[in-house]
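The exercises below are meant for someone meeting this structure for the first time. Please look over the sequence and the structure before trying them, and read each solution only after an attempt of your own.

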Amino acid sequence: MSTTTDSPRNAPLPLLVLGQGTDLRTERGVECPGDLPAPSDPDLVARARAAKEALGDKVFVLGHHYQRDEVIEFADVTGDSFKLAKDAAARPDAPYIVFCGVHFMAESADILTSDSQTVVLPDLAAGCSMADMAAIAQVEDAWEDLVAAGVAERTVPVTYMNSSAAIKAFTGRHGGTICTSSNAKTALTWALDQAGDGGKVLFLPDQHLGRNTYVRDLGGALEDCVVWDPHRPNGGLTPEELESATMLLWRGHCSVHGRFTLEAVEQARREIPDVKVIVHPECRHEVVEVADEVGSTEKIIKTIAAAPAGTKWVVGTELNLVKRLAAQFPEQSIAFLEKNVCYCSTMNRIDLPHLVWALESLVEGRVVNPIRVDDEVARYARVALDQMLALPGETHKD
Ligand code: 13P
Ligand code: SF4
């Protein structure tokens, strides 16, 4: 960590360019043919190998499950966001951590690694639309509203890993915890306990993960959940709605998982006899409700790996992972849940040319795209991340 802000140009990353015509196949409302972006120049494979070999133990490459095959090939470890955060922290000997994932993951890795280590994000445009849906100023304003309404002292923030370091720091300052899709149930149980009778949880920024965890995993009532809309005064809630709610769900969602539909599940069940539906908890509640299995990317992989040959699956998560699973388990039938969903365009910004550029620059002694979280932000974000790692019985769960 250092005293600079979270990008080398001392400026926050811009919002996603989704919807601005730069990558039409990922635009909202566009039918996706189920294709991934074309693989990069094969000559780059040899260059990536040579650069990695030259760097040896000096570099540790992490790859999220949604990365392209051409990038995963060079990852020392792969995982979901929780596993990768822990993996980064477990390699204090590696001066360079190259994070093949998105910005919030690289920030978390920077927070969890030592000051002598540098985290590199091969393309700074690899952001996350969900994380962008909660800006720190909006969250601070919302908290002030909760203070004015007299409920803040009974409210515990639970923040999904998919958020900026500044919001993680807000969470640490207000006695909350970070969660991921693998440990949201444990985190929410802990937070509700902290909040006490009549207490509340402010769940940021994914309304779906918050709702699904409360209702599906903890058996809570849907009526206890309200959505806090940061664009409306007092979140768009009346004092009565605010007072009676247990779960204050930030109005954010994943632009990939939010597009899987109930109709797609029904169609799969009609067309594929005995099909099993497995989806990520970032999907909408009505989708999660009718799925056979729900879980983080790591859980999806483990569940499919453990299934007997001949099992038929439709999978509601990012396309790179689904295609990789289909290739890895040919004895099972694995299909993508729906044609109106594309790969995650920001995850896919990390391609082989960017990875080669990052690695070859390190070989030449130049660090490109370092992710450095401001020291004060990192201090409080670490409090919230450490709280997550200290949750009762916390190990890597699915
Ligand atoms: P997990 O890897 O934690 O399952 O999260 C999925 C995701 O959307 C990451 O951006
Ligand atoms: Fe963000 Fe969704 Fe992409 Fe994950 S899949 S990085 S939550 S936009």
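**Exercise 1.** In which loop is the place of aspartate 57?

Solution. The model is a predicted one, and the elements on either side of the residue are the place to begin. Aspartate 57 is in the loop between α1 and β1, the latter made of residues 59-64. Next comes its accessibility: the relative accessible area of aspartate 57 is 62%, and since exposed means over 50%, aspartate 57 is exposed. Finally, look for a residue distant in sequence: alanine 94 is 37 residues apart from aspartate 57 along the chain, yet their C-alpha atoms are 6.3 Å apart in space.

**Exercise 2.** Compare the span of helix α1 with its expected value, and then work out how its buried residues are arranged.

Solution. Helix α1 covers residues 43-55, which is 13 residues, and at 1.5 Å a residue it should span 18 Å. Its end C-alpha atoms are 19 Å apart, which agrees with that expectation. The buried residues of α1 are Leu44, Val45, Ala48, Ala51, Lys52 and Leu55. Viewed down the axis of α1, these residues fall within an arc of 130°, so they line one face of the helix. A general rule helps in reading such a pattern: an α-helix has 3.6 residues a turn, so residues three or four places apart point the same way. On the face of α1 turned away from the buried side are the exposed residues Asp43, Glu53 and Ala54.

**Exercise 3.** Repeat the analysis of faces for helix α11, residues 262-271.

Solution. Begin with the buried residues of α11, which are Ala264, Val265 and Ala268. Seen down the helix axis, they fall within an arc of 100°, so they line one face of α11. The exposed residues Glu263 and Arg270 are carried by the face turned away from that buried side.

**Exercise 4.** Which residues of the loop between α11 and β10 are buried or exposed, taking aspartate 274 and valine 275 in turn?

Solution. Aspartate 274 is found in the loop between α11 and β10, where β10 is made of residues 276-279, and valine 275 is found in that loop too. With 70% relative accessibility, aspartate 274 counts as exposed, whereas valine 275, with a relative accessible area of 7%, is buried. The backbone of aspartate 274 also deserves a look, as its phi is near 65°, a positive value in a residue other than glycine. For valine 275, the further step is a distance: threonine 311 is 36 residues apart from it in sequence and 7.5 Å apart in space, C-alpha to C-alpha.

**Exercise 5.** What joins leucine 204 and proline 205, and what is the phi of asparagine 369?

Solution. Recall the general background: most residues other than glycine have a negative phi, and most peptide bonds are trans. Leucine 204 and proline 205 are joined by a cis peptide bond, with omega about -25°, and proline 205 is in the loop between β7 (200-204) and α9 (207-217). Asparagine 369 has a phi near 50°, a positive value, and lies in the loop between α15 (352-363) and α16 (375-389). At 13% relative accessibility, asparagine 369 counts as buried.

**Exercise 6.** Describe the surroundings of ligand 2, and then follow one of its neighbours, glutamate 282.

Solution. The residues around ligand 2 are Tyr66, Val102, Cys128, Ser129, Met130, Asn162, Cys254, Glu282 and Cys344. Sorted by class, this shell has six nonpolar, two polar and one charged residues, and the space that ligand 2 takes is the largest cavity. Glutamate 282 lies in the loop between β10 and α12 (285-290), and with a relative accessible area of 5% it is buried. The C-alpha atoms of glutamate 282 and glycine 258 are separated by 6.9 Å, although the two are 24 residues apart along the chain.

Terms used:
Residues are numbered from 1 along each chain as its sequence is written. Chains are lettered from A and ligands numbered from 1 in the order in which they are written. This is a predicted model: local features need pLDDT of at least 70, side-chain atom pairs count only at pLDDT 80 or more; totals for chains, interfaces and linings use all residues. Side-chain values use heavy atoms; hydrogens and water are left out. A residue is near a molecule or strand if one of its heavy atoms lies within 4 Å of it. On a 1 Å grid over the protein atoms alone, a cavity is a set of points where a 1.4 Å probe fits but cannot get out, and a pocket is an open set with protein on both sides within 12 Å along at least five of seven lines; lining residues have an atom within 4 Å of a point. A molecule sits in a cavity or pocket if more than half of its atoms lie within 2 Å of its grid points. Ala, Val, Leu, Ile, Met, Phe, Trp, Tyr, Cys and Pro count as nonpolar, Asp, Glu, Lys and Arg as charged, and the others, Gly among them, as polar. Helices (H or I, at least four residues) and strands (E, at least two) are DSSP runs, numbered from the N terminus. The expected span of a helix is 1.5 Å times one less than its number of residues. Buried means under 20% relative accessible area, exposed over 50%, partly exposed in between (1.4 Å probe, protein chains only). The arc is that of the directions from the helix axis to the C-beta atoms.
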